[in-house]
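Colleague: Could you zoom in on one part for me, the aromatic rings? I'd like to hear how they sit and what surrounds them.

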Amino acid sequence: MTLEKNPDTASISVPAAAAAPRTGPVIALLVASAFVVILNETIMGVALPRLMADLDITAATAQWLTTGFLLTMAIVIPCTGYLLARFSLRGLFFTAMSLFAAGTLIAALSAGFGMLLAGRVVQASGTAIMMPLLFTTVLNVVAPTHRGRMMGVISIVIAVAPAVGPTVAGVILSALDWRWMFWLVLPIALLAIALGAVWVRNVTETSRPSFDPLSAVLAALGFGGLIYGLSLIGESASGHAPVPVWIPLVVGVVSLVVFVLRQLSLQKTDAAFLDLRTFASRSFSLAVVLVVVVMAALFGSLILLPLFLQQALGLDTLTVGLMMLPGGILMGVIAPIVGALFDRFGPRPLVLPGMVVAAAALWGMTTFDMNAEIWWIVLIHMTLNLGLGFVFTPLLTSALGSLPRSLYSHGSAITSTLQQVAGAAGTALFVTLMSVGTASALAAGDAPGEAMTAGVHTAFVVGAVIASVAVVLTLFVRKPADVEEPLAHPAAH
């Protein structure tokens, strides 16, 4: 499990048009592998009650199986800007999938919480590399005129894999032990490694960027502290946070400020660990802001809906998982179509109506109560995924397509990192609002189910307001022009 360093003589510069015929199997394998690894990001949610019983742990402890995964992602992803520039595609693919497979095996064999958490952390280390690797490969080998279609396929990974994670877990848990969530994934990971030995070739360029250890530490403290702090907000609202929320948040914010200042200084000598010149592109900056809003809405609804369905309406795990499935399938079906439409019409004709539909769906979720019909909940969830499906691909393509080739790896790392932060922020926001609203309703004398419904209503109202504001921002989205020269070209290292 070693990273391959391409010597200067092995670094290649292949025009996209020439490379495309040979890269089809590589991209297909990367997409399939990324889908499998990202699926595991949300697969644990519906399994937590079972794990709490089997492993005799509290809810706060069990939540670390998700929080630990997110923390690891937040620490590793910022490093991928350096890794993608320094090491070969083939070496990074094998490293990522080997880590994921090893973590899956550890989790499948685990007899207690500690070993299971270790497996999740190793899994996340591989997962963190896969998405930036996929983005950067596509940007390097796919012509700009076809990127929308390809990014449409990639958005299946980004949006659909997390969305169907609870469904997959629900189906497995309805018939098998929780360890089968890992045993069934392990052969797929091993198959990907075997196919990679045949298909994956080094079709991207490598360079020799300098490595700044201080930047790596600051990034880990900054993004890790921020996500940990956000994940504690929900626990704090219910009085179960292990440490005061402000401690990791302050550490995270201060570390990020110092990190940014250091990158701005290192950029003067083209030695930045994570090059922030990506934000010199207006298209990149605006698209990233909207991606953060969309990811927050997606992950917030993903965590809130199952809680509402199980705890307020009393539905079982399998039923909840199946109710979430149609929305995930719909997003997967429309993603390639949206990509093709982007190539033809650009982002705004897709992003604007998509965000309007997503905002309308969140407003629709404010109507959920104890008497809500299953068909209505499924329909609204599908509507939300439909709207988000029209937003993901155009935004990601606009963001990354507006960058020069020299900044692809950094743009991919920044986008992937902020998606994790947004997911944690959305989860924290929705869970906190639900907890506060529920506590307030209980204090007013409402029954537990009605109190939780009131809390869910509060959370979705705020989410709908945020999405409505995002609609205004979509008016400023533009299709980026083809970029041949860097915004501020980093010198070769």
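Modeller: Let's fix the exposure terms before anything else: buried is under 20% relative accessible area, exposed is over 50%, and partly exposed is in between, with a 1.4 Å probe and protein chains only. The model is predicted, so local features need pLDDT of at least 70 and side-chain atom pairs count only at pLDDT 80 or more, while totals for chains, interfaces and linings use all residues. Numbering runs from 1 along each chain as its sequence is written, and side-chain values use heavy atoms, with hydrogens and water left out.

Now the rings. A ring pair is described by the distance of the centres and the angle of the planes. Rings of Phe, Tyr and Trp (its six-membered ring) pair if their centres lie within 6.5 Å; under 30 degrees between planes is stacked, over 60 is edge-to-face, the rest tilted. Across the whole structure, 10 aromatic pairs turn up. In one of them, Tyr82 and Phe87 have ring centres 6.5 Å apart and planes at 85 degrees, so they meet edge-to-face. Both are buried: Tyr82 has 14% relative accessible area and Phe87 has 9%. Phe211 and Phe273 also make an edge-to-face pair, because their planes are at 70 degrees, with centres 5.8 Å apart. Phe211 sits in the loop between H10 and H11 (213-237), and Phe273 in the loop between H12 (246-266) and H13 (282-312), so this pair ties together parts 62 residues apart in sequence. (Helices here are DSSP runs of H or I, at least four residues, numbered from the N terminus; strands are E, at least two.) Phe211 is partly exposed at 43%, whereas Phe273 is buried at 1%. Put together, Tyr82, Phe87, Phe211 and Phe273 form one aromatic cluster.

There's a charge in the picture too: Arg86 lies over the face of Phe87, 5.8 Å from the ring centre. The test asks for NZ of Lys or CZ of Arg within 6 Å of the ring centre and within 35 degrees of the ring normal.

Back to H10, the helix before the Phe211 loop. Its buried residues are Leu186, Ala189, Ala192, Ile193 and Gly196. These cover an arc of only 120 degrees around the axis, so they share one side of H10; the arc is taken from the directions from the helix axis to the C-beta atoms. Exposed Pro187 and Val198 are on the face turned away from that buried side.
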